[in-house]
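Morning, everyone. Please look at the structure on the screen, and keep the sequence beside it.

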Amino acid sequence: MLKQWWNRLMRPLLLPAAVLLFGCHQPSYQTFPPKQVAQLLHDDSTVVLLDVRTPQEYAGDSGHLAGAMLLPVDDLEKQLPSLEQYKHRTIVAYCRSGHRSAKAAQLLTSRGFDAISMEGGIVAWRKENLPIERGMPTR
């Protein structure tokens, strides 16, 4: 009787429970709306801004945030060693609409960085009438 109970009720729950407890945990990143990012940048001069769009988008009409470092999301994983110097600082990633920056923030967080994705990307930033710059970086 006990064996039947175990096989019918408990056994099917073991694998899903084990997966939930041990196998599916991924470090999570934070998301901030543009005004909160602007406040963070104002309050903390050590924050690193990471624009994960393409160079064409960065230099294009939508502009970019002042002081942003350009590192396209497709190059991020292979360029992680260049970001090691920022491991103990907060990194705010942004893109056009928030999808690529979420991917970047997830990757960075999984590698031990403190990463935030800006909700809505530069589209949302501009809707809030926050300042932007245009052109390619000079550094």
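**Salt bridges, a helix and a strand**

Glu-57 has a relative accessible area of 22%, so Glu-57 is partly exposed. Before I go on, remember that this is a predicted model.

What does Glu-57 form with Arg-100? A salt bridge, with the closest N and O atoms 2.8 Å apart. Glu-57 sits in helix H3, residues 55–59, and Arg-100 sits in helix H5, so the pair ties together parts that are 43 residues apart in sequence. Arg-100 is partly exposed too, because its relative accessibility is 25%.

How many salt bridges are there? The count comes to six. I will show two others.

One of them joins Glu-128 and Lys-35. Their side chains meet at 3.3 Å, N to O. Where are these two residues? Glu-128 lies in the segment after helix H6 (121–127), while Lys-35 lies in helix H2 (residues 34–43). They are 93 residues apart in sequence, so this bridge also ties together separate parts. Now the exposure. Glu-128 is at 36% relative accessibility, so it counts as partly exposed. Lys-35 is exposed, with a relative accessible area of 54%.

Stay with that segment after H6 for a moment. Asn-129 is found there. Its phi is positive, near 55°, and Asn-129 is not a glycine. Is Asn-129 buried or exposed? It counts as exposed, because its relative accessibility is 71%.

Next bridge. Asp-75 forms a salt bridge with Lys-78, and the closest N and O atoms are 3.6 Å apart. This one stays inside a single helix. Asp-75 and Lys-78 are three residues apart in helix H4, so about one helical turn separates them. Asp-75 is partly exposed at 27% relative accessibility. Lys-78 is exposed at 61%.

**Helix H5**

Back to the helix that holds Arg-100. How many residues does helix H5 have? Twelve, from 99 to 110. From the first C-alpha to the last, H5 reaches 17 Å. That is close to the 16 Å expected at 1.5 Å a residue.

Which residues of H5 are buried? They are Ser-101, Ala-102, Ala-104, Ala-105, Leu-107, Leu-108 and Thr-109. And what covers them? The cover includes strand S2 (48–51), helix H4 (73–83), strand S4 (90–94) and strand S5 (114–118). Helix H4 is also where we met Asp-75 and Lys-78.

Pick one residue from that list. Ser-101 is in helix H5. Its relative accessible area is 0%, so Ser-101 is buried. What does its side chain reach? The backbone oxygen of Gly-98, at 3.2 Å. Now leave out residues up to four places away in sequence. Ser-101 then touches Val-52, Ala-93, Tyr-94, Cys-95, Ser-117 and Met-118. Keep Tyr-94 in mind; Ser-101 touches it, and we will meet it again.

What follows the helix? Gly-112 comes after H5, and its phi is positive, near 95°.

**Strand S2**

Strand S2 is part of the cover over H5. Let us look at two of its residues.

Start with Leu-49, which is found in strand S2. Its relative accessible area is 6%, so Leu-49 is buried. What does it touch? Leaving out residues up to four places away in sequence, Leu-49 touches Leu-41, Leu-65, Ala-66, Gly-67, Ala-68, Met-69, Val-92 and Tyr-94. There is Tyr-94 again. One distance to note: the C-alpha atoms of Leu-49 and Val-37 are separated by 9.7 Å. Those two residues are twelve apart along the chain.

Now Asp-51, which lies in strand S2 as well. Is Asp-51 buried or exposed? It counts as buried, because its relative accessibility is 0%. With the rule of leaving out residues up to four places away, Asp-51 touches Tyr-58, His-64, Ala-68, Met-69, Leu-70, Leu-71, Pro-72 and Tyr-94. So Tyr-94 turns up in the contacts of Ser-101, Leu-49 and Asp-51.

**Rings**

Last topic. How many aromatic pairs does the structure hold? Zero. A ring can still have a charge over it. Lys-87 lies over the face of Phe-113, at 4.8 Å from the ring centre.

To recap: find the Glu-57 and Arg-100 bridge, the buried residues of H5, and the lysine over Phe-113. Thank you.

How values were computed:
Residues are numbered from 1 along each chain as its sequence is written. This is a predicted model: local features need pLDDT of at least 70, side-chain atom pairs count only at pLDDT 80 or more; totals for chains, interfaces and linings use all residues. Side-chain values use heavy atoms; hydrogens and water are left out. Rings of Phe, Tyr and Trp (its six-membered ring) pair if their centres lie within 6.5 Å; planes under 30 degrees apart count as stacked, over 60 as edge-to-face and the rest as tilted. A charge sits over a ring if NZ of Lys or CZ of Arg is within 6 Å of the ring centre and within 35 degrees of the ring normal. Helices (H or I, at least four residues) and strands (E, at least two) are DSSP runs, numbered from the N terminus. The expected span of a helix is 1.5 Å times one less than its number of residues. Buried means under 20% relative accessible area, exposed over 50%, partly exposed in between (1.4 Å probe, protein chains only). Contact means heavy atoms within 4.5 Å. A polar contact is a pair of N or O atoms within 3.5 Å; within protein, one must be able to donate a hydrogen and the other to accept it, and residues adjacent in sequence count only if both atoms are side-chain atoms. A salt bridge is a side-chain nitrogen of Lys or Arg within 4 Å of a carboxyl oxygen of Asp or Glu.
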